[in-house]
Amino acid sequence: MSGGFDLGGRRVWVAGHRGMVGAAVCRRLAGEDCTLLTVGRERLDLRDQRAVLDWMRDQRPDVVVLAAARVGGIHANDSQPAVFLYENLMIEANIIEAARQTAVERLLFLGSSCIYPRLAEQPIRESSLLTGPLEPTNQWYAVAKIAGIKLCQAYRRQYGCRFISAMPANLYGPGDNFDLTTSHVLPALMRKIHEAAERGAETVEVWGTGRPRREFLHVDDLADALLFLLRHYDGEEPVNVGTGEDIAIADLARTLADVVGWSGRIVYDPGKPDGTPRKVMDVSRLADLGWTARIGLTEGLASTYAWFRSNSGTLRQSRPVVVPAA
Ligand code: GFB
């Protein structure tokens, strides 16, 4: 597709560049004719309003990809409600307001499919936002992310800022958090099954009933979609980014067992929460704009497992934080 916003010659700040999403966006931007800006947490605390404004005044980004966030799986969300709410509110409010003050041309805010009501009609359309109660295990994170979407909308209406929002499905890929207490399901099960295969263990424990259904998107597909949206989308409504296909957690576990080559038994722990029963998004808005996902789940799991095997010695441990790209 031609036309649209030109990234050529622009200064692009990827906030959260050491997280899984930010790193994928940086890889994707490497082939573009733009100047990539990044800053680590040792130099800038994104929760500090004054520091964020000063840094942006100094660096003058034209484009911001807001991929910095406190993220984690169902247990991390459920057990650290204050941290997930406060840190995400601060990071997004500071960056969005500083982007207005420094006349950033385009900003892309990343939400999550968990912003939608727990029992939203499936597949979930963008218009489902705020039509029903949230899933209790991640309501804190969801409220913060909904506030970020609303900030982008409000800044468009009041100040004419060209700020947009994308809502990714459950993400996976290289650079994920593989810590068993704070990670999302896919990296957790990949690691558990890999370690079971190495130890010759006969069982692996899966939290909950195995019945919930999730939609998984490879992070490289997400990065490609985000650049597409920066170029071709300039609207107030959030845009879902996913494959439009979901899988039961029990089937994900079996598929991962095949990828790893382990033939043991999966056991379920119904004492752990299931969370939202089903989360699959309607991705027709993005498809109508001209973008669809390319990396199928089987292919994505195989390449992510290859990455895991070559990096398992240096993986992040017990840190759900991508704030701001440590
Ligand atoms: O990926 P996950 O932690 O988050 O869990 P959500 C998805 C499903 O997998 C739940 C089950 O039903 C879990 O109970 N599950 C099974 C496991 N075994 C495991 C395991 O070993 N680890 C984990 N983590 N889950 C998150 C939100 O919800 O989705 C976040 O809490 C964010 O805020 C993210 O929105 C995308 O999909 O339930």
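The following exchange concerns the ligand shell and two buried residues of a predicted model.

This is a predicted model, in which local features need pLDDT of at least 70, side-chain atom pairs count only at pLDDT 80 or more, and totals for chains, interfaces and linings use all residues. Residues are numbered from 1 along each chain as its sequence is written, and side-chain values use heavy atoms, with hydrogens and water left out.

Reader: Which backbone has a polar atom 2.9 Å from an oxygen atom of the ligand?

Author: The side chain of N170 has an N or O atom 3.0 Å from an oxygen atom of the ligand. For the side chain of N138, the corresponding separation is 3.4 Å. The polar backbone atom at 2.9 Å from a ligand oxygen belongs to V185.

Reader: How much of the ligand's accessible area does the protein cover?

Author: On its own, the ligand has 700 Å² of accessible area (Shrake-Rupley method, 1.4 Å probe). The share of this area that the protein covers is 97%.

Reader: Is G173 buried or exposed?

Author: G173 lies in the loop between β7 (170-172) and α6 (185-199); helices (H or I, at least four residues) and strands (E, at least two) are DSSP runs, numbered from the N terminus. Buried means under 20% relative accessible area, exposed over 50%, and partly exposed in between (1.4 Å probe, protein chains only). Because its relative accessible area is 0%, G173 is buried.

Reader: Where is D282 found?

Author: D282 is buried. Leaving aside neighbours within four places in sequence, D282 is in contact (heavy atoms within 4.5 Å) with residues including P123 and N240. Its place is the loop between β14 (278-279) and α9 (284-289).

Technical notes
Lys and Arg count as positive and Asp and Glu as negative; His and the chain ends are not counted. A salt bridge is a side-chain nitrogen of Lys or Arg within 4 Å of a carboxyl oxygen of Asp or Glu. A polar contact is a pair of N or O atoms within 3.5 Å; within protein, one must be able to donate a hydrogen and the other to accept it, and residues adjacent in sequence count only if both atoms are side-chain atoms.
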